[in-house]
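Hi,

Here is the structure I promised to pass on to you. Have a look at it first, and then read my notes below.

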Amino acid sequence: MQTNWKIGSLFGIPLFLDPLWFVILGLATLNFGVAYQEWGNVIAWSAGIVMALLLFGSVLLHELGHSLVARSQGIKVNSITLFLFGGIAAIEEESKTPAQAFQVAIAGPVVSIVLFFLLRLVATVLPDTSTIGMMVEDLARINLVLALFNMIPGLPLDGGQVLKAALWQVTGNRFQAVHWAARAGQILGYSAIALGFAIDFFTRELVLGLWVALLGWFAVRNANSYDNVTTLQESLLKVVAADAMTRDYRVVDADQTLRSFADLYLLETAPLQVYFAASDGRYRGLVSIDDLRLIERSQWETQTVRNIARPLTEIPHVSESTPLAEVINKLENQQLPWITVLSPAGAVAGVIDRGDIVRALAQKLNLRIADAEINRTKQEGSYPPGLQLGSIAKSIEN
């Protein structure tokens, strides 16, 4: 369920606020307001809220840098969301080359560095002791810190994305590069959690220690997510249609009348949904119930199943060696409930629906997915919550 609030769009990219964003907004306002107390309560707290908003404006521009570079590569950006730990751009696909991945990763820090220099330039023409001058100086330093912090070499930070691009370039294996960059993020995250507890223990700075530990937890959680998604992507390319297909279909006589076909199969208590017509040892095509309904019932006695069978080459199909990623993309792009798998000889080898895909991946990755959930996927045509195979397959589409 969508809990984020849409607040508008920028360059056609939807902007969202996570409800927890207001927590960090309040803390940032408190921090700046206390720091500016020498200016008096009214000015200090007014400046505090302005600085807090400008802080997130900087974060927004940082994420916009990533987004616009990704769009220049033909990659769709679904949204930018401001949340408790800053901001995140939902970029739909991976860049095609290491160089392009590096460009997307470095774009955010470059924006922050440019803002730092521009703000420092503005600060030089303002009186050092003026309220606006001090605020501009502070905002410049914030952008510098934002750039440097994000360049820490571990996922999910931008530095981790840069590290991934570099490892991808060296190894030629994007998946291995992500695993290594994610491992770096996990190490850094656990180190931050340990540091947070150390800060609390030795300095009694509970708030600071808790915040550092929370940042570490966020890093570990997202590094694990990158690692798991990459493992799933690898499986989607290694597992092929033949590994997931089933034979949940029925082969019917292509030369029987439509009336006979309807009486024999469509009046069953639980009729199968997929029928293929065959005669003389050859498949003649797919028999669609919708096509049957287009024929006047008065003609059911004279017309045969062959008359409404769609040739196999004209229906959506994949080969037995097609990677599951391609199968998923075809199902999603064409909004199909299932797809036919053809053998090298052009005969029907099986059919695949979303439930079959989930079952095959569960067996491959030793995932615990209940049969009831797989059956629900088959009936409803939607993947289990948390297993967004459509978007994951799209992200590796060539």
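One thing to keep in mind before we start: this is a predicted model.

Let's begin with helix α14, which covers residues 371-380. Three of its residues, Ile374, Arg376 and Thr377, are buried. If you look down the axis of α14, the buried residues fall within an arc of 160°, so they line one face of the helix. What do they pack against? The buried residues of α14 pack against α13, residues 354-365. Now turn to the face of α14 that points away from the buried side: there you'll find the exposed residues Asp371, Ala372 and Gln379. Just after α14 comes Gly381, with a positive phi of about 75°.

Next, the sheet. It is an open one with four strands in the order β1-β2-β3-β4, and the pairing is mixed. Which strands stand at the edges? Those are β1 (5-10) and β4 (86-91). Each has a single partner strand, so one side of each is left without a neighbour in the sheet. Going from one strand to the next, the twist averages 25°.

If you'd like to look at one strand pair in detail, try β1 and β2 (residues 13-17): they run antiparallel and are joined by five bridges. For instance, Gly8 has Leu15 in β2 as its bridge partner.

Two helices pack on this sheet. Helix α1 (residues 21-35) touches β1, β2 and β3 (77-83), and its direction makes about 45° with that of β3. Helix α2 touches β1, β2, β3 and β4, and the angle between its direction and that of β3 is about 165°.

Helix α2 (residues 41-72) also packs with helix α3 (residues 98-124), at an angle of about 145° and with the axes 8 Å apart. The way α2 passes α3 is a right-handed crossing. So that you can find the contact on screen, here are the residues that make it:

- from α2: Ser58, Leu61, His62, Gly65, His66, Val69 and Ala70
- from α3: Gln103, Val104, Ala105, Ala107, Gly108, Pro109, Val111, Ser112 and Leu115

How many nonpolar, polar and charged residues does the contact of α2 with α3 have? There are nine nonpolar and seven polar residues, and no charged ones.

Have fun clicking through it!

Cheers

Notes: Residues are numbered from 1 along each chain as its sequence is written. This is a predicted model: local features need pLDDT of at least 70, side-chain atom pairs count only at pLDDT 80 or more; totals for chains, interfaces and linings use all residues. Side-chain values use heavy atoms; hydrogens and water are left out. Buried means under 20% relative accessible area, exposed over 50%, partly exposed in between (1.4 Å probe, protein chains only). The arc is that of the directions from the helix axis to the C-beta atoms. Contact means heavy atoms within 4.5 Å. Axes are lines fitted to C-alpha atoms, for helices over the stretch in contact, and angles run from 0 to 180 degrees between N-to-C directions. A crossing is left-handed if the near helix is turned anticlockwise from the far one by less than a right angle, and right-handed if clockwise. Ala, Val, Leu, Ile, Met, Phe, Trp, Tyr, Cys and Pro count as nonpolar, Asp, Glu, Lys and Arg as charged, and the others, Gly among them, as polar. Two strands pair if DSSP finds at least two bridges between them.
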